[in-house]
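Here are some notes to read alongside the model, written for a colleague who likes to check things residue by residue. Please keep the viewer open as you go through them.

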Amino acid sequence: HFRDERDAIREIADAGWRHVSWRDGPGDAYPPHTHDVDQRLYVVDGSLELDAEGQTVVLRPGDRLALPAFTVHAARAQASGATYLIATPDDD
């Protein structure tokens, strides 16, 4: 877990990764898909339901999740929507 957005950004930077901030509205959903890079999700507000590898987890503020490259996953923002950081390795 992490304390707040500032703490998450510090952790991401210390790992040498970069991030973008993302906001999903209530009920926004993404069908099963993959990414060709490792990702870490850091939920800073609201909640996000993520399905991956036969498991469903609900991520809430302070939760982070490592998502290895090419992992098939789907996501849905809960009723409150979700704000989260998506971190990826910085290859520059």
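The points below cover the pocket, a charge over a ring, several buried strand residues and two loop residues.

1. A word on the source comes before the rest. This is a predicted model, so please read the numbers below as values computed from predicted coordinates.

2. Let us start with the pocket. The largest pocket has a volume of about 210 Å³. Its lining is made up of 14 residues, and those closest to the centre are His33, His35, Gln39, Tyr84 and Ile86. If you want to set up a view of this site, these five names are the ones to select.

3. Which strands supply at least two residues each to the lining of the largest pocket? They are strand 1 (17–24), strand 2 (29–33), strand 3 (39–52) and strand 6 (73–89). As for the chemistry of the lining, the count by class is 10 nonpolar and 4 polar residues, with no charged residues.

4. Aromatic and charge–ring geometry can be dealt with briefly. The structure holds 1 aromatic pair. There is also a charge over a ring: the charged end of Arg40 sits over the ring of Trp17, at 3.9 Å from the ring centre.

5. Arg40 comes up again with Leu67, a residue of strand 5 (residues 64–67). The two are 27 residues apart along the chain, yet their C-alpha atoms are separated by 5.8 Å. Is Leu67 buried or exposed? Leu67 counts as buried because its relative accessibility is 5%, and the cut-off for buried is under 20%. Beyond its neighbours within four places in sequence, Leu67 is in contact with Val37, Asp38, Gln39, Leu50 and His73. Gln39 in that list is also one of the residues closest to the centre of the largest pocket.

6. His73, one of the contacts of Leu67, is placed in strand 6. With a relative accessibility of 5%, His73 counts as buried. Setting aside residues up to four places away in sequence, His73 touches Pro31, Pro32, His33, Thr34, His35, Leu50, Asp51, Ala52 and Leu67. His33 and His35 from that set are among the residues closest to the centre of the largest pocket. For a sense of distance along the chain, the C-alpha atoms of His73 and Pro89 are separated by 19 Å, with the two residues 16 apart in sequence.

7. Leu85 is also in strand 6. Leu85 is buried, since its relative accessible area is 1%. What does Leu85 contact, leaving aside its neighbours within four places in sequence? The list runs through Glu5, Ala8, Ile9, Ile12, His19, Val20, Ser21, Arg40, Leu41, Tyr42 and Val44. Arg40, named there, is the residue whose charged end sits over the ring of Trp17. Between Leu85 and Asp14 the C-alpha distance is 15 Å, and the sequence gap is 71 residues.

8. Two residues of strand 3 deserve a look, and Glu49 is one of them. Although Glu is a charged class of residue, Glu49 counts as buried at 18% relative accessibility, with the cut-off being under 20%. Its contacts, without neighbours within four places in sequence, are Thr56, Val57, Val58, Ala74, Ala75, Arg76 and Gln78.

9. Gly46 is in strand 3 as well. Gly46 is buried because its relative accessibility is 15%. Apart from neighbours within four places in sequence, Gly46 is in contact with Leu59, Arg60, Pro61, Ser80, Gly81 and Ala82. Gly46 and Ala77 are 31 residues apart in sequence, with 8.0 Å between their C-alpha atoms.

10. Lastly, please check two backbone angles. Glu53 has a positive phi of about 50° and is not a glycine. Glu53 is placed in the loop between strand 3 and strand 4 (55–59), and it counts as exposed at 69% relative accessibility. Phe70 also has a positive phi, near 70°, in a residue other than glycine. Phe70 lies in the loop between strand 5 and strand 6. Is Phe70 buried or exposed? Phe70 is exposed, because its relative accessible area is 58%, and exposed means over 50%.

Terms used
Residues are numbered from 1 along each chain as its sequence is written. This is a predicted model: local features need pLDDT of at least 70, side-chain atom pairs count only at pLDDT 80 or more; totals for chains, interfaces and linings use all residues. Side-chain values use heavy atoms; hydrogens and water are left out. On a 1 Å grid over the protein atoms alone, a cavity is a set of points where a 1.4 Å probe fits but cannot get out, and a pocket is an open set with protein on both sides within 12 Å along at least five of seven lines; lining residues have an atom within 4 Å of a point. Grid points are joined across faces, edges and corners, and a volume is the space filled by probe spheres set on the points. Helices (H or I, at least four residues) and strands (E, at least two) are DSSP runs, numbered from the N terminus. Rings of Phe, Tyr and Trp (its six-membered ring) pair if their centres lie within 6.5 Å; planes under 30 degrees apart count as stacked, over 60 as edge-to-face and the rest as tilted. A charge sits over a ring if NZ of Lys or CZ of Arg is within 6 Å of the ring centre and within 35 degrees of the ring normal. Buried means under 20% relative accessible area, exposed over 50%, partly exposed in between (1.4 Å probe, protein chains only). Contact means heavy atoms within 4.5 Å.
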